[in-house]
Amino acid sequence: MSELVKFSVESGVEVITVENPPVNALSPGVPEGIAESIGRAADGASVRAVVLIGAGRTFVAGADIKQLEEQAHGRGPGAPNLHQLLKSIEDCPKPVVVAIHGSALGGGLELAMAGHYRVASPDAQAGQPEVNLGIIPGAEGSQRLPRLVGVAAAIEMFVSGKAIGASEAVRLGLFDKIIEGDLRAGAVAFARHVAESGGPHRRTRDKTEKLGSPESNAAILDAGRERARKIRRNMIAPLRVIDAVEAAVALPFEEGCRREREIVEKCLAGEEARALIHAFFAERAVSKVRGISKETRTHSIRMAGVIGAGTMGTGIAMVLANAGITVLLKETDQAALDRGVASVRKNYESAVHKARLTAHEMEERIALIQPQLTYSSFGDADIIIEAVFENMSLKKQVFGEIDKIAKGDCVLATNTSTLDIDEIAGATSRPHMVVGIHFFSPAHVMRLVEVVRGARTDKEVIATAMALAKRLRKVGVLVGNCRGFVGNRMMLPYMREAQFLVEEGSTPSQVDQALYDFGIAMGIFAVDDMGGLDLGWRVLQDTKRLLKPGDRTPLVLEKLYDAHRWGQKTGAGWYRYEDGRTPIRDPEVEALIETTAEQAGIARRSISKEEIIERCLYVMINEGSRILGEGFAQRAADIDTIYITGYGFPAYRGGPMWYADTVGLSKIYERILEFHREHGEYWTPAPLLERLVRDRQTFAAFDAANEQAVTGSPESQ
Ligand code: T1G
């Protein structure tokens with residue numbers, strides 16, 4: 001009997017418990033253990049019903065993605081075919097009740113749908129997130145879910161990949177009952193009740209009443225494909241899953257399952273699945289930090305201070321309050337404080353409006369945010385996060401002030417996005433307690449947080465900041481203290497290259513369209529306008545100070561700045577804005593670019609989409625290689641996670657470094673050498689890239705080789 005599946009019989013009900021922490025994945029031994037238990041129940045004279053339940057914090061969260069990863073890379077057989085197991089559950093002569101708590105996801109929900117009844121705890125979730133891994137359900141979910149919830153609802157669950165809550169699952173017909181209190185006891189009672197009812201205990205495969213007909217579903221399938229193209233731009237799996245649903249409507253169950261199997265095999269053999277499975281594990285690996293283990297002490301955070309109630313400060317305050325942390329939000333004057341508090345309420349009201357929050361929850365969170373004009377209460381704070389204007393002397397002044405009032409073990413954090421953490425820490429008597437916690441705007445929306453390690457930052461402080469990021473439901477990535485840290489440091493050459501491309505003949509909209517078609521959420525010129533060209537101008541002045549004589553620098557931005565075209569905030573930047581947000585091509589800017597280039601003697605030509613992508617991405621990859629080589633990021637995969645969760649890089653391309661591996665480092669290196677010859681020094685290949693090409697290595701291999709050093713174990717992915 002598999003160690004991962006336990007069974008017991010309680011007054012005629014066999015309870016099968018899956019025990020495979022942390023998420024009861026269907027790893028080797030689990031399907032086998034369940035199959036054996038079902039067989040035992042079927043034959044057991046004293047058994048009148050079966051309950052299938054998960055131990056620990058969740059029901060089954062799906063197939064073991066590690067096995068899928070092996071298959072996707074042709075390194076192993078992949079996840080087992082669960083057909084026989086599902087059939088044995090469905091055909092079991094005793095009613096099978098599946099009891100769900102936590103998450104029933106992917107293969108976990110498919111297992112549950114093979115059962116005759118599904119009961120759940122009030123906070124249970126159910127979903128088919130396979131498209132998030134570039135695949136489709138592979139355990140007959142695409143055939144059973146439409147039978148239980150109808151075709152349209154099933155398509156929405158498949159294409160969005162989002163989980164639904166227990167009450168919605170009952171409303172749709174997926175769950176039969178919500179059990180308050182002890183789920184196990186409630187499920188056993190329910191199982192005994194249905195057994196005594198004598199059935200029939202219908203098999204899901206036989207429930208065709210919600211399937212409609214190919215004719216009645218034609219419009220639903222078309223709408224589903226439209227939605228997949230809209231919310232899953234450029235992706236394959238979200239369209240393929242609808243093909244499987246189409247099979248569910250048109251074909252007998254077994255044939256539909258065969259069709260599903262064909263599709264999932266094809267998806268697993270594709271680049272999209274490899275990239276998304278990489279992104280899944282990369283996002284989970286970031287929490288593993290060199291020299292920090294589960295034993296490393298972390299400071300408990302009950303109360304936080306936030307200095308500055310501007311856009312970032314208020315967003316950070318909301319994120320803290322959302323996690324139940326009391327927030328002291330400080331500003332220098334009443335008017336600024338009132339503006340900050342008003343924007344907090346406005347943001348929460350829009351969440352209530354979108355039904356993401358109840359009005360009661362909103363008031364609870366706002367009550368946790370306590371506006372302050374002085375530091376009088378900051379002595380009790382466990383962490384103080386500074387989010388004032390991006391100016392070194394102002395930040396040092398603030399750190400000098402909080403150093404005097406904060407308690408001894410209070411973590412002092414700065415939300416700076418570009419400034420030197422060590423210089424800021426130098427303004428205190430306790431640089432070992434200073435860390436960078438770099439949120440991305442809007443802080444209450446963006447998932448990424450860069451945790452910046454200073455030269456003297458204590459590991460408990462790092463561990464505390466990483467744990468806090470997780471508690472705030474953020475993806476915390478540890479980075480080193482270099483200019484622009486990781487995300488912005490790679491963004492600077494990317495922005496510069498884009499500006500050089502328009503000087504040489506492209507237009508902002510041509511560059512942005514190429515990037516958008518590549519899959520990036522927003523083109524670089526539109527991003528620049530959203531962030532504000534005044535910010536871009538300040539960064540450019542900083543950059544210019546570092547340039548050597550003769551180094552090329554972008555020419556047009558300063559002219560836009562002087563013309564007070566600062567982007568969305570002034571209604572015009574690289575684009576014009578009528579509704580404040582939608583970029584409109586502006587011939588005036590294109591003419592300005594042309595004139596500026598001619599005056600600078602820059603030859604103009606038509607530039608291909610391919611060259612735009614190569615120059616914008618290869619310059620980023622080259623900088624990423626430098627960052628890795630200099631040790632400012634632990635893994636290439638961390639850089640991928642930063643760009644996917646913070647910079648709109650398409651996850652189905654795996655992130656810039658994974659993408660580089662798919663293109664081939666030697667091809668990229670050759671192209672960079674050409675750009676170096678054509679455009680100059682700033683295209684000097686990074687030493688690490690050169691070394692990996694020479695050694696015929698990849699960034700993935702670089703990470704694997706380094707993982708032992710980072711986590712003491714051969715692999716974190
Ligand atoms: N397989 C293997 N490992 C998994 C896993 C899985 N399905 N899910 C989580 N882990 C690991 C994860 O890597 C991490 O490891 C630890 O568990 C905790 O995860 C046949 C083919 C369940 C909502 O897509 O969404 O079924 O880093 O940090 O934030 O049709 O994990 O500690 O070493 O994410 O509490 C479909 C994926 C698979 C669900 C919990 N299922 N998992 O979130 O913890 S495809 C999924 C999640 C499939 C079938 C198809 C989340 C979670 P480590 P965590 P969490």
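Where is Pro22 found? Select Pro22 and look around: this residue is in the loop between strand S2 (13-18) and helix H1 (30-43). Helices and strands here are DSSP runs, numbered from the N terminus, with H or I runs of at least four residues for helices and E runs of at least two for strands.

Before you click on, some ground rules. This is a predicted model in which local features need pLDDT of at least 70 and side-chain atom pairs count only at pLDDT 80 or more, while totals for chains, interfaces and linings use all residues. Residues are numbered from 1 along each chain as its sequence is written, and side-chain values use heavy atoms, with hydrogens and water left out.

**Stop 1: the S2 to H1 loop**

Keep Pro22 on screen and add Pro21. A cis peptide bond joins the pair, with omega about 10°. Now move along to Asn24, which sits in the loop between S2 and H1. Its phi is near 50°, a positive value in a residue other than glycine. Both features deserve a second look, because most residues other than glycine have a negative phi, and most peptide bonds are trans.

Is Asn24 buried or exposed? Asn24 is buried, with a relative accessible area of 2%. The cut-offs are under 20% for buried, over 50% for exposed, and partly exposed in between, using a 1.4 Å probe and protein chains only.

**Stop 2: two more loops**

Jump to Gly199 and Pro200. They are joined by a cis peptide bond too, with omega about 5°. Pro200 lies in the loop between helix H8 (183-197) and helix H9 (214-231).

Next, pick Ala355, in the loop between helix H14 (334-353) and helix H15 (359-368). Ala355 has a positive phi of about 60°, although it is not a glycine. At 68% relative accessibility, Ala355 counts as exposed.

**Stop 3: the ligand**

Show the ligand and the 25 residues around it; Arg57, Glu110, Gly138, Arg284 and Lys288 come nearest. To be near, a residue needs a heavy atom within 4 Å of the molecule or strand in question.

Which helices each supply at least two residues of this shell? Colour in helix H2 (65-72), helix H4 (107-114) and helix H12 (271-285). The largest share, three residues, comes from H12. Sorted by class, the shell has 15 nonpolar, four polar and six charged residues. In this sorting, Ala, Val, Leu, Ile, Met, Phe, Trp, Tyr, Cys and Pro are nonpolar, Asp, Glu, Lys and Arg are charged, and the others, Gly among them, are polar.

Zoom in on some atom pairs. An oxygen atom of the ligand is 2.7 Å from an N or O atom in the side chain of Arg284. For Glu130, an N or O atom of the side chain is 2.9 Å from a ligand oxygen. A ligand nitrogen is 2.9 Å from a polar backbone atom of Ala61. The protein covers 74% of the 1000 Å² of accessible area that the ligand has on its own, with areas worked out by the Shrake-Rupley method and a 1.4 Å probe.

**Stop 4: helix H4**

While H4 is coloured, select Leu109, which lies in that helix. At 0% relative accessibility, Leu109 counts as buried. Add Val98: the two residues are eleven apart along the chain, and their C-alpha atoms are separated by 9.7 Å.

**Stop 5: the cysteines**

How many disulfides does a search of the whole structure find? The search finds zero, where a disulfide would be a pair of cysteine sulfur atoms within 2.5 Å. Try Cys92: the closest cysteine sulfur is in Cys257, 19 Å away, which is too far for a bond. Cys92 is buried at 7% relative accessibility, and Cys616 is buried at 0%.

**Stop 6: helix H19 and beyond**

Select helix H19, residues 487-503. Its 17 residues should span 24 Å at 1.5 Å a residue, and the end C-alpha atoms are 25 Å apart, which agrees. The expected span is 1.5 Å times one less than the number of residues. Of those 17 residues, 15 are buried, so H19 is largely enclosed by the rest of the structure. After H19 comes Gly505, with a positive phi near 140°.

Last pick: Ile524, in helix H21 (residues 524-531). Ile524 is buried, with a relative accessible area of 3%. Ile524 and Pro508 are 16 residues apart in sequence, and their C-alpha atoms are 8.4 Å apart in space.

Definitions and conventions. Polar contact = N/O pair within 3.5 Å; in protein donor to acceptor, adjacent residues only side chain to side chain.
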